[in-house]
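Q: Please take a close look at one loop in this structure and describe its backbone. Then go on to the parts that follow from it, and to any other places worth checking by eye.

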Amino acid sequence: MSKVVIIGNGISGVTAARHIRKNSDKEILIISAETEHFYSRTALMYVFMGHMRYEDIKPYEDWFWEKNRIDLMFDYVSHVDTDNKMLEMKSGENVTYDALIIATGSKSNKFGWPGEDLNGVQGLYSYQDLQLLENNSRDTKRAVIVGGGLIGVEMAEMLATRKIDVTVLVREDVFWGNVLPKEEGEMISKHIRDDHHIDLRLNAELEEIIDNGNGRVKAVKTKDGEVIDCQLVGLTAGVSPNVEFLKTSKLEIDRGVVVNEFFETNIPDVYAIGDCAQFKETVNGRKNIEQVWYTGRIMGETVAQTICGNKMSYNPGPWFNSAKFFDIEYQTYGWVFNELKENQADYYWEHEKEKICLHLIWNKNTDEFIGINTFGIRLRHDLFDKWLKEKASIETVMTELRNANFDPEFYSHYEKDIVQGFNDSTGKEIRLKPQKWWRKLISA
Amino acid sequence: MAEQELNFSVSGKYAQYLNLWQKLGMILALSGTGIILITWGGVSLTNNAAWLTVVILSIFIGTVMFTYGTYAGKTAGIKNDGVYFRSHTARGAIGWAVGIVLTAFYVFLYWFPSYLGYQTGVNGTNEGLIALFDPLSYFFKGKPASQWFVYGSIYTLVIVSLGIKFIVKYRHNRYHIIRTISVMIAQLGLAYLVPEILAGMNYNDVSQGGEYLGWYDADLKNVWPLDYDFFYGWHLDAMQQKAYQPIGMIYLVWGILLFLIVTPIITYFVGKRWYCSWVCGCGGLAETAGDPYRHLSSKKLSAWKLERWLIHAVLVLVFLMTAVTLYGYFFNTGTFFGLEIYTYFQKPYGFVIGAIFSGIVGVGFYPLLGNRVWCRFGCPMAAYMGIIQRFKSRFRITTNGGQCISCGNCSTYCEQGIDVRAYAQKGQNIVRASCVGCGVCSAVCPRGVLKLENGPEEKRLGNEGPIVLGNDGFKIEK
């Protein structure tokens, strides 16, 4: 019986373990230095805000692992010896493997800012970061968050619940401007600033973090020379692969562990998945390092097949994602970039009063539907997945928009308004179809 | 770490954040409650009509003021900040205190109504708490209050007051607004006003020529087997009482139709939510007064196992007990194979299930075990509809493809203790006997993953394969 060792107990590693167990009788060991059990990283913010306890963000009860014969080890891998197929642990123990999966995730980016290692300066990625934030926020009156992205907005929301004044420095001219088109970015910026009283500074960059003389932050200085007093600095300008410990190994490391589409590294029987993997060539038009919950899960599902003898390459379907900015939910299906690409046309609709909007992108020559952003309206993933695979036209999407709605029952519907506006701005004559049962649509 | 900081002191760390409206509202509502407690303690007031008005208004207005202070000025959206930091909602000292007071109230209500002042005065007049409600009872039906009248009045006041709080809390979600208005109307109208008015019009609960004609449950929606004494002899007789016709017979026929025909049909189309979180009184209290405690239900697999044994055992018991009762009624006997029906069947069921389970544990333990203990572990009506919902219904909670991030908000805030996340993260729909369709999992989901809906039974379970939508390397098994 061969032994599979997985380093990292996040969504990627745990999904791999579960699927290897489904398909084989192999010995499985998951090693983590972060927590004893798998927890949902995306839910750390809710523990800080008091919505849940740590135990509530563990997707499986603690007996699950033994029942499924998945061994757990709470230790840190300090060296990977691929010649002898052996891991050297911090505790001094050695662990052998027949197949090794590296799924060690990310760490928060630091860009060499002066003062970035002071006390009170931190990112938000791991369980340890959460513990640190609990300590760092204790006597904090004002916090400065550097970076306007998904972790930045989470951290702002978290700290605001502790009655801490929050300043967010965003390099772009709207929130998450490197991803969101200007219209959505402006709406979200307004929500953060006006509705939640966050001091949002756009076009603002960090110059340095200032020491209070005792090794703790006392202020930050922006590139404009402004000094903002604060007791806590959140660094949320992205994350990068957590692969430092592999630098002493023979594995090829660039920004992440370099892999092909089968997650194979340069060394046989060693695979890398999740945030820490870097594809030599991008797959299905995606980034070569993907740091998303569901891509980690898909990689875990896929590598498990290969390890169980059914060699399979990474093949994610059409892009999708979701997030929440304070009160506003966001979903996206297909590709919507912050600026239109060549041959793309778009239509943006925003509610008159409320912060609800929708942004459609299509090919202006072929009318092929390319992507949709939606804020405050829930949409059906399976339907958009189908449309994107079929290369459905923008006409199809608009005509069937009612069937794509996934909002709770009795919610107000805006499809009529959206299609009206779409017709007015494009000169097309879309007639909205009445809502029919969506399953019929999918099997049709 | 937040976990270690769980606050068990009476003055939780968030107390300092109470604003003026919250403080005023709390003082007002607690004053009203205080008057109830004082009269419960045996103090009889002299002007009950005035004091009762003060009690009702102060509790209602105080709750509304507290609600205003809590949610006004905040954006519409999920309001669960600090739930696990507050003593009241995290099984701290305040939570335990509330639980003990509620439990004590039920103990007195069921077994020691005299301690509430029921018929303890001269010539059997009421004193204390029961006497406080005499004026209202006289207003409706020209006779003094019973402990049940007091209970019904307070119950209704609580559902209406805290229903308003719930609506404001979830004002961004129209499903919650509509179903909460529905439970408020059902309680105030069907469960409270209609029965009292019928009694006032001499169609129920009256004496004629010195003879008491009997009483039947005139709450149109209180259906057997939740209403376990529906088929008791005295209840059947009361509904057939000449003086109560035609209303009494309408209730008798409706009661049987409701159980036999109406319930299965509606449950087939929309799931058991039509009852549990839209009209039911127990559900109404759980959804309004019990809302702050919904996360306290256990999500463990072991709790689910216990639930299935308990709730179905109660269902079997109520069928047995009722069958024996009807045997006694139609064969005009008080015994069943030598066993006295009252002593061996009705009394134990009423004592263990009716009083201890549904009242004391069901409501008294809200702040300790969550707000749906009775609905989840004990209610035979829920068990009956649950079987229909699980095996023959169009209702499901649909999971939105591969959008789930396993955060656990859905499971945590499921009052029925369903591990919603376990399904959602696999792309499976949630088809569970116990789901009461409150819709909170869908509301608290940060990624728009869950939707309560009715649809064809075909493919009702959602994703059947191990691979979740979004991975094209696999064929999803259909």
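A: Pro246(B) lies in the loop that links α8 and α9 of chain B. This is a predicted model, and the angles below are computed from it. The peptide bond leading from Gln245(B) into Pro246(B) is cis, and its omega is near 5°. As a rule, most peptide bonds are trans.

Chain B has another cis bond, which runs from Trp224(B) to Pro225(B) with omega near 10°. Pro225(B) sits in the loop between β2 (211–212) and α8 (233–240) of chain B. The α8 helix is thus flanked by both loops: one holds Pro225(B), the other Pro246(B).

Past the loop with Pro246(B) comes helix α9, residues 247–270 of chain B, and Leu257(B) is part of this helix. Leu257(B) has a relative accessible area of 37%, so it counts as partly exposed. Since patch residues need over 30% relative accessible area, that value is enough for Leu257(B) to qualify on exposure. The nonpolar surface patch that includes Leu257(B) also takes in Leu220(B), Met249(B), Ile250(B), Val253(B), Trp254(B), Ile256(B), Leu260(B), Ile261(B), Ile265(B) and Phe269(B). Together these residues have about 930 Å² of accessible area.

Phi angles are also worth checking. Most residues other than glycine have a negative phi. Asp205(B) is not a glycine, yet its phi is positive, at about 55°. Asp205(B) is located in the loop between α7 (174–200) and β1 (207–208) of chain B. With a relative accessible area of 10%, Asp205(B) is buried, because buried means under 20%. In chain A, Asn203(A) has a positive phi as well, near 50°. The loop between β12 (199–201) and β13 (206–211) of chain A holds Asn203(A).

For a regular region in chain A, look at strand β10, residues 142–146, where 4 of the 5 residues are buried. Strand β11 (residues 165–169) of chain A runs parallel to β10(A) and is joined to it by 5 bridges. In this pairing, Ile145(A) has Val168(A) as its bridge partner. Strand β16 (residues 232–235) of chain A is also parallel to β10(A), with 4 bridges between them. Here Ile145(A) stands opposite Gly234(A). Helix α5 (residues 150–161) of chain A joins β10(A) and β11(A) in a right-handed β-α-β unit.

Conventions: Residues numbered from 1 in each chain as written. Chains lettered and ligands numbered in written order. Predicted model: local features only at pLDDT ≥ 70, side-chain atom pairs only at ≥ 80, totals over all residues. Heavy atoms only, no water. Buried < 20%, exposed > 50% of the residue type's maximum accessible area, 1.4 Å probe, protein only. Helix = DSSP H or I, 4+ residues; strand = E, 2+ residues; numbered from the N terminus. Pairing = 2+ DSSP bridges. Right-handed = clockwise from strand over helix to strand, strands pointing away. Patch = residues over 30% accessible without salt bridge, like charges linked within 9 Å, V, L, I, M, F, W, Y side chains within 5 Å. Areas by Shrake-Rupley, 256 points an atom, 1.4 Å probe, with all protein chains shown as cover. Salt bridge = Lys/Arg side-chain N within 4 Å of Asp/Glu carboxyl O.
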